[in-house]
Amino acid sequence: MSLLEESEIARANRAITGLPFLPGEIAFRVLVESVQDYAIFLLGPQGQVLTWNQGAERIKGYTADEIIGEHFSRFYTPEEIAENRPARLLEVASRDGRVEIEGWRVRKDGTRFWADVILTALKDEDGHTYAYAKVTRDLTEKRAAEERERRLLAEQEARAAAEEALIARDRFLSIASHELKTPAASLRLTVDSLLRARSTGRLDDERLESGLNRLSTATSRLDTLVNELLDVSRLQSGTRPSAMERFDFVALVRDVVERFTDADDDRRIVVTAPDESWIVGDASRLDQVVTNVMDNAVKYSPIDERVEVDVADVPGGVALTVTDRGVGIDDEAVARLFEAFGRGTNVEHIPGLGLGLFISRQIVEHHGGRIQVEPRQGEQGTVMRMWLPREAGSE
C-alpha cells in the first residue's frame, strides 16, 4: 500500500469514526492496554513481567511501575510457590505451546481471587520461546454464584430426601401397624378366650391345644416381622454379621425347597440342578435369600401351578432362576419391588411388610452378586434371577 493510499484510508476512517488512523500494531497495543475485564500482559522467558494493561491493574491491584520487571510468581499462593508451580507452568507452555488452568491467585493486598489463566508461548522462527502472553480472567463472582447454586441444589436435594424419608416413615408406620396389629390382636383374643374358658371351667385339653396353636402361629408371625425390621436396621447401619464359609449352594437350595414342598404334592416345585455347586459366602444369609425368593414364588402362585427352580453353573459363579405362574407383576411394580416396603400389584390381601426382597438384594449385593425380577414373557407369572460369584465380593 502506498503512502497516498494509506493517507486516503486515514482520511476516510477519520470522516466515518471521528478517530485518527492508527497503524495496526499501535492500534492493537492500545486495544490490549484498554481492556478492563482481562489482565493481558507479556512475560519474559524467565517469567518477569514485561507489559501491563488496565485490566491487569484492576484485577491484580499493581500499577505498571510497581510490577514491570518483577517475577510473575508473586501472583501465586504460597502453597503453589512451594510446589514450584509458576516455573512448571512456563515449562508446559513452552513445550505444548499453551496451557490453561483455573486456580486461586493473589492480589497486591493479599486477597485471593479465582482465576482462569491462559499462558501462551511466543516462539521465534527457530521454535525458541522468547516470551509468554498471559491472559487472566477474574472468575471469583462466577465461582461464588456457582457455589451458591450448588448449595441451593444440595439444600433442595436434602429437603426432597427429608420429605421422602417422612413419606417412607409414614408408609412404614402404616404398613407395620397394620401387619403387627393382626398377630397382636390374635394373641390378645386367644389369651382372653383361654382366660374366660378357665374362669368358667370350660378349659379342656382340646380348647387349650387349639388356643396354644393360635398363640404359636401369632407369635411366629410377630417374630418374623420383628426380625425383618431388625435386618433392615442392621443392613442400613452396616452392622450385619457375616460368617463366610465354603458350602454347597445346590444343597442349600434343595434344603429350602424341601421346606416349601407339600408331602401330598411333591410335583408342585420342580428343581433342576447339578449334583453340587460350591461357593464361599454366608450360608445362613443366602438361605434367607433363597427362602424369601421361594416364599414369594409360592405365596403368589395358585396351589395347582408348579414353581420351577433352576440352579446352573455359569462363568465365575452360580445362577438361581425361580419361575412361577402366579399373579405376575407389571413394569411399574418391578421398579419398586426391591425397595423397602415395596410390593407387587394385586397383593393387598397377602400379609407382609414388603421387606423380604429388599433384604435379599442387600445380602446378595454384599456378596458381590445380583438379583432381579421380570415378568414372564407372554405368560402369567414372574421370573426371579440371582447370580452369585464363587467367592463373596470377587466379582
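These exercises walk through a predicted model, each with a worked solution.

The model is predicted: local features need pLDDT of at least 70, side-chain atom pairs count only at pLDDT 80 or more, and totals for chains, interfaces and linings use all residues. Residues are numbered from 1 along each chain as its sequence is written, and side-chain values use heavy atoms, with hydrogens and water left out.

**Exercise 1. The whole chain**

Describe the chain by its helices and strands, its buried share, its contacts and its accessible area.

Solution.
- Step 1. Start with the elements: the chain has twelve helices and eleven strands. Helices (H or I, at least four residues) and strands (E, at least two) are DSSP runs, numbered from the N terminus.
- Step 2. Turn to burial. Of the 395 residues, 35% count as buried. Buried means under 20% relative accessible area, exposed means over 50%, and partly exposed lies in between (1.4 Å probe, protein chains only).
- Step 3. Look at contacts, meaning heavy atoms within 4.5 Å. Take the contacts with a separation of 6 or more: 56% of them come from residues 24 or more positions apart.
- Step 4. Finish with the surface. The chain exposes about 23300 Å², and carbon and sulfur atoms supply 52% of that. Accessible areas come from the Shrake-Rupley method with a 1.4 Å probe; for residues, only the protein chains shown count as cover.

**Exercise 2. Patches and helix H8**

Which residues form the nonpolar patch, the negative patch and the positive patch?

Solution.
- Step 1. Fix the rule. Patches are made of residues with over 30% relative accessible area and no salt bridge; like charges are joined within 9 Å, and nonpolar side chains (Val, Leu, Ile, Met, Phe, Trp, Tyr) within 5 Å. Lys and Arg count as positive, Asp and Glu as negative; His and the chain ends are not counted. A charge is placed at NZ of Lys, CZ of Arg, CG of Asp or CD of Glu.
- Step 2. The nonpolar patch holds Leu203, Leu208 and Leu212, with about 220 Å² of accessible area together. Leu208 lies in helix H8, residues 205-237. Leu208 is partly exposed, at 33% relative accessible area.
- Step 3. Asp204, Asp205, Glu206 and Glu209 make the negative patch. Glu209 is in helix H8 and is exposed, at 52%.
- Step 4. Arg196, Arg202, Arg207 and Arg214 make the positive patch. Arg214 also sits in helix H8 and is partly exposed, at 35%.

**Exercise 3. Salt bridges**

How many salt bridges does a search of the whole structure find? Work through three pairs and one network.

Solution.
- Step 1. Recall the principle: side chains of opposite charge can pair when their charged atoms come close. Here a salt bridge is a side-chain nitrogen of Lys or Arg within 4 Å of a carboxyl oxygen of Asp or Glu. The search finds 18.
- Step 2. Glu100 pairs with Arg98 at 3.6 Å, N to O. Glu100 is partly exposed at 42%, and Arg98 is partly exposed at 42%.
- Step 3. Arg259 pairs with Asp287 at 2.6 Å, N to O. Arg259 lies in helix H9 (residues 249-260) and Asp287 in helix H10 (residues 283-299), so the pair ties together parts 28 residues apart in sequence. Arg259 is partly exposed at 47%, whereas Asp287 is buried at 17%.
- Step 4. Arg325 pairs with Glu308 at 2.9 Å, N to O. The pair links distant parts of the chain, 17 residues apart: Arg325 is in the loop between E9 and helix H11 (331-336), Glu308 in strand E8 (residues 307-314). Arg325 is buried at 16%; Glu308 is partly exposed at 26%.
- Step 5. Now the network. Salt bridges that share partners join Glu80, Glu83, Arg85 and Arg105.

**Exercise 4. Thr321**

Is Thr321 buried or exposed, and which residues does Thr321 touch?

Solution.
- Step 1. Locate Thr321: strand E9, residues 317-323.
- Step 2. Thr321 has 18% relative accessibility, so it counts as buried.
- Step 3. Leave out residues up to four places away in sequence. Thr321 then touches Glu308, Val309, Asp310, Val383, Met384 and Arg385. Glu308 is also the salt-bridge partner of Arg325.

**Exercise 5. The backbone at Asn84**

What sign does phi of Asn84 have?

Solution.
- Step 1. Most residues other than glycine have a negative phi.
- Step 2. Phi of Asn84 is near 60°, a positive value.
- Step 3. Asn84 lies in the loop between helix H5 (78-82) and helix H6 (85-96). Asn84 is partly exposed, at 42% relative accessibility.
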